[in-house]
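Let's practise reading a protein model, one small task at a time. Keep the structure open while you work through the steps.

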Amino acid sequence: MKEGVRIINVPRGGVIDEDALVRALNSGVVAQAALDVFTIEPPAQDSKLVRHEHVTVSAHLGASIKEAQEGVAIEIAEAVIAALKGELSATAVNTPMVPAQVLSELAPYVQLAEKLGRLAVQLVAGGDGIKLVNVVYKLARGPNDLDTRLLCAMITKGIIEPISNTYINVVNADFTAKQKGIRISEERLSADSSSENPVHSIQLM
């Protein structure tokens with residue numbers, strides 16, 4: 001081991017030989033250690049490891065401290081307000097997880113995607129016989145530079161909702177489509193465009 005290393009152990013106690021760590025700290029092989037888990041918990045009050053001047057210890061309850069709880073409360077409140085305004089949420093459970101920046105880029109196309117799905121169903125006599133839908137995106141950037149899963153989920157919702165007797169949302173739309181034997185595939189192409197808008201066009205085939 002390189003002399004002067006720093007060790008952090010937060011996943012599980014017992015991963016590190018605590019007696020060996022004390023010896024390494026005393027010899028200088030380990031310069032510092034940070035721990036919030038131990039072989040025996042709680043550790044003894046006279047533990048040489050816990051009392052060592054080059055060791056930082058904390059409880060394994062980071063999410064339960066006051067600051068973390070306040071942060072979670074604020075995030076939840078902001079998400080609820082956004083949902084009540086009809087805005088999209090980057091932290092909704094069981095929906096495609098999309099980074100906030102990408103979410104803001106896709107927001108103008110979400111309702112369009114659902115309406116395209118509904119229109120496709122109407123154009124094929126109410127959806128009877130639909131087995132395969134290929135969604136083709138022409139993007140103003142590289143084919144792999146934009147996460148389109150949310151748009152695909154909304155297209156799937158638009159296709160499935162008019163032909164289903166159950167409540168459909170972005171969570172269960174894909175599952176319901178598979179139950180009905182409908183497969184939705186995606187294809188992303190680069191559009192020869194200098195537009196600042198990330199999506200040049202969406203086609204259902």
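Below are five exercises on this predicted model, each with a worked solution.

**Exercise 1. Work out how the strands β1, β2 and β3 are arranged, and which helix packs on their sheet.**

Step 1: Start with the order. The three strands make an open sheet that runs β1-β2-β3, with parallel pairing.

Step 2: Look for the edges. β1 (5-9) and β3 (55-57) are the edge strands, and each of them pairs on one side only.

Step 3: Check the turn between neighbours. On average, neighbouring strands here are turned by 10° against each other, ignoring direction.

Step 4: Zoom in on one pair. β2 (residues 30-35) joins β3 in the parallel sense over three bridges. Take L35: its bridge partner in β3 is V57.

Step 5: Add the helix. α1 (residues 18-27) packs on this sheet and touches β1, β2 and β3. The direction of α1 makes about 140° with that of β2.

**Exercise 2. Do the same for β4, β5 and β6, and explain why β5 and β6 each have a side without a neighbour.**

Step 1: Read off the order. This open sheet of three strands goes β5-β4-β6, and its pairing is mixed.

Step 2: Find the edges. β5 (183-190) and β6 have a single partner strand each, so one side of each has no neighbour in the sheet.

Step 3: Get the twist. From one strand to the next, it averages 15°.

Step 4: Pick out a pair. β4 and β5 run parallel over eight bridges. Within that pairing, V133 has I184 in β5 as its bridge partner.

A handy reminder: strands in a sheet pair through backbone hydrogen bonds, in a parallel or antiparallel way.

**Exercise 3. Describe the largest nonpolar core and see what Y137 touches.**

Step 1: Count residues. The largest nonpolar core has 28 of them, and Y137 and L151 have the most contacts inside it.

Step 2: See where they come from. α4 (100-123), β4 (132-139), α5, α6 (173-179) and β6 (199-204) each give at least two residues to this core.

Step 3: Look for another core. There is a second, separate one of 12 residues, including I7, L21, L25 and A33.

Step 4: Follow Y137. Leaving out residues up to four places away in sequence, its contacts include L151, I155, L189 and I202. T148 is also among the residues that Y137 touches.

**Exercise 4. Are T148 and T156 buried or exposed, and what do they touch?**

Step 1: Place them. T148 sits in the loop between β4 and α5, while T156 belongs to helix α5 (residues 149-160).

Step 2: Apply the cut-off, which is under 20% relative accessible area for buried. T148 has 1% relative accessibility, so it counts as buried. T156 has 3%, so it counts as buried too.

Step 3: List the contacts, skipping residues up to four places away in sequence. T148 touches Y137, E186 and R188. T156 touches A173, D174, A177 and I184.

**Exercise 5. How many cavities of 30 Å³ or more are there, and what lines the largest?**

Step 1: Recall the idea. Rolling a probe the size of a water molecule over the atoms shows where empty space is left.

Step 2: Count. There is one cavity of 30 Å³ or more, and the largest cavity has a volume of about 30 Å³.

Step 3: Name the lining. Around the largest cavity you find N9, G14, I16, E18, L21, L35, V37, F38, T39 and L49. You have met two of these names already: L21 is in the second core, and L35 pairs with V57.

Terms used. Residues numbered from 1 in each chain as written. Predicted model: local features only at pLDDT ≥ 70, side-chain atom pairs only at ≥ 80, totals over all residues. Heavy atoms only, no water. Helix = DSSP H or I, 4+ residues; strand = E, 2+ residues; numbered from the N terminus. Buried < 20%, exposed > 50% of the residue type's maximum accessible area, 1.4 Å probe, protein only. Contact = heavy atoms within 4.5 Å. Core = buried A, V, L, I, M, F, W, Y, C linked by side-chain atoms within 4.5 Å. Pairing = 2+ DSSP bridges. Axes fitted to C-alpha atoms, helices over the stretch in contact; angles between N-to-C directions. 1 Å grid on protein atoms, 1.4 Å probe; cavity = no way out; pocket = protein on both sides within 12 Å on 5 of 7 lines; lining within 4 Å. Points joined across faces, edges and corners; volume = space filled by probe spheres on them.
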